[in-house]
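Student: I would like to learn how to read a structure feature by feature. Could you take me through this one?

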Amino acid sequence: MPTVEVVVAGHVSLDVFPALHGPVTLEPGRLIEIGPAAFSTGGAVTNTGLALHRLGVPVRLVGRLGADLFGRAVLDMLERRERGLSGGMVVGEGEVTSYTIVINPPGVDRSFLHCPGANQSFTADDVPYDQLPGVRLFHFGYPPLMPRIYAGGGAQLASMFERVHAAGPGTSLDMCVPDPHSDAGRLDWERVLARALPHVDVFAPSVDELLFMLDRASHDRLAQASALGSVVDRAHLQRLSATLFDMGATIVAIKLGAQGLYLRTTTARDRVARFCDRVGLRAEQWRGREILAPCFRPRRIMGTTGSGDTTIAGLLAAILRGEPPAEAATAATAVGACSVEEMDPTSGVPSWREVAARIASGWERLPAEIGLDADEPLQADPVGTLAATTTG
């Protein structure tokens with residue numbers, strides 16, 4: 001395998017997609033006929049990691065599996081992508097591989113039946129710190145599903161990112177919304193983030209995740225709202241991102257679902273310079289920027305599971321290529337749109353060259369309806385400026 005540029009670590013699972021013919025209501029004693037099941041690797045590790053791989057970025061995947069049938073299936077799927085791609089996975093004897101049954105009826109928002117499995121045993125010591133020198137980026141996903149990582153107010157999450165930074169790479173973190181009635185759902189996530197974000201360069205949650213952790217009242221209103229814009233506007237996003245900058249983040253990328261991606265960077269020169277030095281960016285391009293990148297219109301929508309993870313992959317791939325912020329945000333939403341054109345998260349993601357060519361061809365954007373009223377205009381992201389020179 002080529003020299004690794006990104007290590008993607010955290011939550012991994014096997015996803016099962018039963019083919020459904022319409023909305024499903026589970027009733028005791030009722031038989032519901034469905035179609036064949038599709039299988040895919042799932043979780044942040046494989047969704048983001050394999051999308052990066054398809055974009056031409058050499059990756060190492062680090063997650064924890066059980067020594068069981070599902071675990072062997074995940075390892076086999078990775079090896080079929082590229083020999084050696086499963087080499088960073090930790091297999092725990094006597095543990096159960098995480099799996100998710102994705103309930104995704106046509107025309108209905110998806111829901112999940114999830115077994116956390118071996119992810120519950122993942123610790124900061126599963127990260128291969130000795131292999132990080134020379135790696136440019138380290139991405140970690142879904143700590144709310146990994147109890148040893150968030151235990152003690154996120155002590156291991158913070159120490160893990162601190163150790164990664166000490167080894168040299170830039171760092172990136174993605175979240176997920178836990179079951180609100182679980183231990184993770186009752187955790188003080190603001191406290192956890194305050195401990196971790198001083199060691200996180202790129203924080204990339206969804207707006208739903210961020211509101212759950214920092215603004216539960218707005219999160220509850222959003223659950224009842226017919227449109228994101230009725231709850232969240234630009235001023236709200238600015239307040240949220242400012243809170244995250246105060247906690248220590250350098251770049252905040254908030255996924256807005258069908259509304260696109262909100263990208264904002266801190267004005268702190270030292271933090272921007274340190275991150276840009278780690279990954280090879282021009283610091284003057286990345287300091288104090290605020291961008292809204294609308295979604296691209298997909299050719300079809302087969303499944304939205306994992307599209308947020310692939311959006312992050314597009315952002316990280318653009319950062320590694322040295323793209324400026326607006327172009328990086330464009331790439332993020334483009335890769336996310338490619339993802340939903342297939343049932344599983346990553347098989348719809350093409351090479352970087354193909355993504356760049358599709359943008360340059362005048363790919364239609366979806367309207368951004370979120371309120372953007374403010375004194376200073378929000379920068380519009382340019383289309384068609386991504387460099388396409390790549391072997392990917």
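Tutor: We can begin with a pocket. The second largest pocket is lined by Pro18, Leu20, Val24, Leu26, Ile32, Ile34, Ile101, Ile103, Ser111, Phe112 and Leu113. Keep in mind that this is a predicted model.

Student: How does one find empty space in a set of atoms, and how much space lies in the second largest pocket?

Tutor: The general idea is that a probe the size of a water molecule, rolled over the atoms, shows where empty space is left. In this case, the second largest pocket holds about 220 Å³ of space.

Student: Which elements give two or more residues to its lining?

Tutor: Strand S7 (99-103) and strand S8 (111-115) do. S8 gives the most, with three residues.

Student: How do the lining residues divide into nonpolar, polar and charged?

Tutor: There are 10 nonpolar residues, one polar and no charged in the lining of this pocket.

Student: Next, the interior. How many residues does the largest nonpolar core have, and which have the most contacts inside it?

Tutor: The largest nonpolar core has 57 residues, and those with the most contacts inside it are Val6, Leu52, Leu61, Phe275, Trp286 and Ile319. Helix H11 (residues 325-339) supplies the largest share of this core, nine residues. Another core, of 51 residues, lies apart from it and includes Leu157, Trp189, Leu228 and Leu256.

Student: What is phenylalanine 275 in contact with, leaving aside its neighbours within four places in sequence?

Tutor: Its contacts are Leu137, Gly170, Asp201, Val202, Thr250, Ile251, Leu281 and Ile319.

Student: Leucine 228 was named in the other core. Where is leucine 228 in the chain, and is leucine 228 buried or exposed?

Tutor: Leucine 228 sits in the loop between helix H6 (216-224) and helix H7 (234-247). Its relative accessible area is 14%, and buried means under 20%, so leucine 228 is buried. Not counting residues up to four places away in sequence, leucine 228 touches Val207, Leu222, Leu256, Gln259 and Ile370. Leucine 228 and isoleucine 370 are 142 residues apart along the chain, while their C-alpha atoms are separated by 6.8 Å.

Student: Let us turn to aromatic rings. How is a pair of rings described?

Tutor: A pair of aromatic rings is described by the distance of the centres and the angle of the planes. A search of the whole structure finds six aromatic pairs. In one of them, phenylalanine 70 and tyrosine 99 have ring centres 5.4 Å apart and planes at 75°, so the pair is edge-to-face. Phenylalanine 70 belongs to helix H2 (residues 69-81) and tyrosine 99 to strand S7, so the pair ties together parts that are 29 residues apart in sequence.

Student: What is the relative accessible area of phenylalanine 70 and of tyrosine 99?

Tutor: Phenylalanine 70 is partly exposed at 28%, and tyrosine 99 is partly exposed at 29%.

Student: What are the distance and angle for the rings of phenylalanine 138 and phenylalanine 161?

Tutor: Their centres are 5.9 Å apart and their planes are at 80°, so this pair is edge-to-face. Phenylalanine 138 in strand S9 (residues 137-141) and phenylalanine 161 in helix H3 (residues 147-167) are 23 residues apart, and the pair links distant parts of the chain. Both phenylalanine 138 and phenylalanine 161 are buried. One aromatic cluster is formed by Phe122, Phe138, Phe140 and Phe161.

Student: What should I look for in the backbone angle phi?

Tutor: Most residues other than glycine have a negative phi. Tyrosine 142 has a phi near 70°, a positive value in a residue other than glycine. Tyrosine 142 is placed in the loop between S9 and H3, and it counts as buried at 13% relative accessibility.

Student: One more loop, then. Where is threonine 304, and which residues does threonine 304 touch?

Tutor: Threonine 304 is in the loop between strand S14 (290-293) and helix H10 (307-320). Not counting residues up to four places away in sequence, threonine 304 touches Asn104, Arg110 and Val340. From threonine 304 to valine 340 is 5.0 Å in space, C-alpha to C-alpha, though they are 36 residues apart in sequence. Threonine 304 is partly exposed, with a relative accessible area of 27%.

Technical notes. Residues are numbered from 1 along each chain as its sequence is written. This is a predicted model: local features need pLDDT of at least 70, side-chain atom pairs count only at pLDDT 80 or more; totals for chains, interfaces and linings use all residues. Side-chain values use heavy atoms; hydrogens and water are left out. A nonpolar core is a set of buried Ala, Val, Leu, Ile, Met, Phe, Trp, Tyr and Cys residues joined through side-chain atoms within 4.5 Å. Buried means under 20% relative accessible area, exposed over 50%, partly exposed in between (1.4 Å probe, protein chains only). Helices (H or I, at least four residues) and strands (E, at least two) are DSSP runs, numbered from the N terminus. Contact means heavy atoms within 4.5 Å. On a 1 Å grid over the protein atoms alone, a cavity is a set of points where a 1.4 Å probe fits but cannot get out, and a pocket is an open set with protein on both sides within 12 Å along at least five of seven lines; lining residues have an atom within 4 Å of a point. Grid points are joined across faces, edges and corners, and a volume is the space filled by probe spheres set on the points. Ala, Val, Leu, Ile, Met, Phe, Trp, Tyr, Cys and Pro count as nonpolar, Asp, Glu, Lys and Arg as charged, and the others, Gly among them, as polar. Rings of Phe, Tyr and Trp (its six-membered ring) pair if their centres lie within 6.5 Å; planes under 30 degrees apart count as stacked, over 60 as edge-to-face and the rest as tilted.
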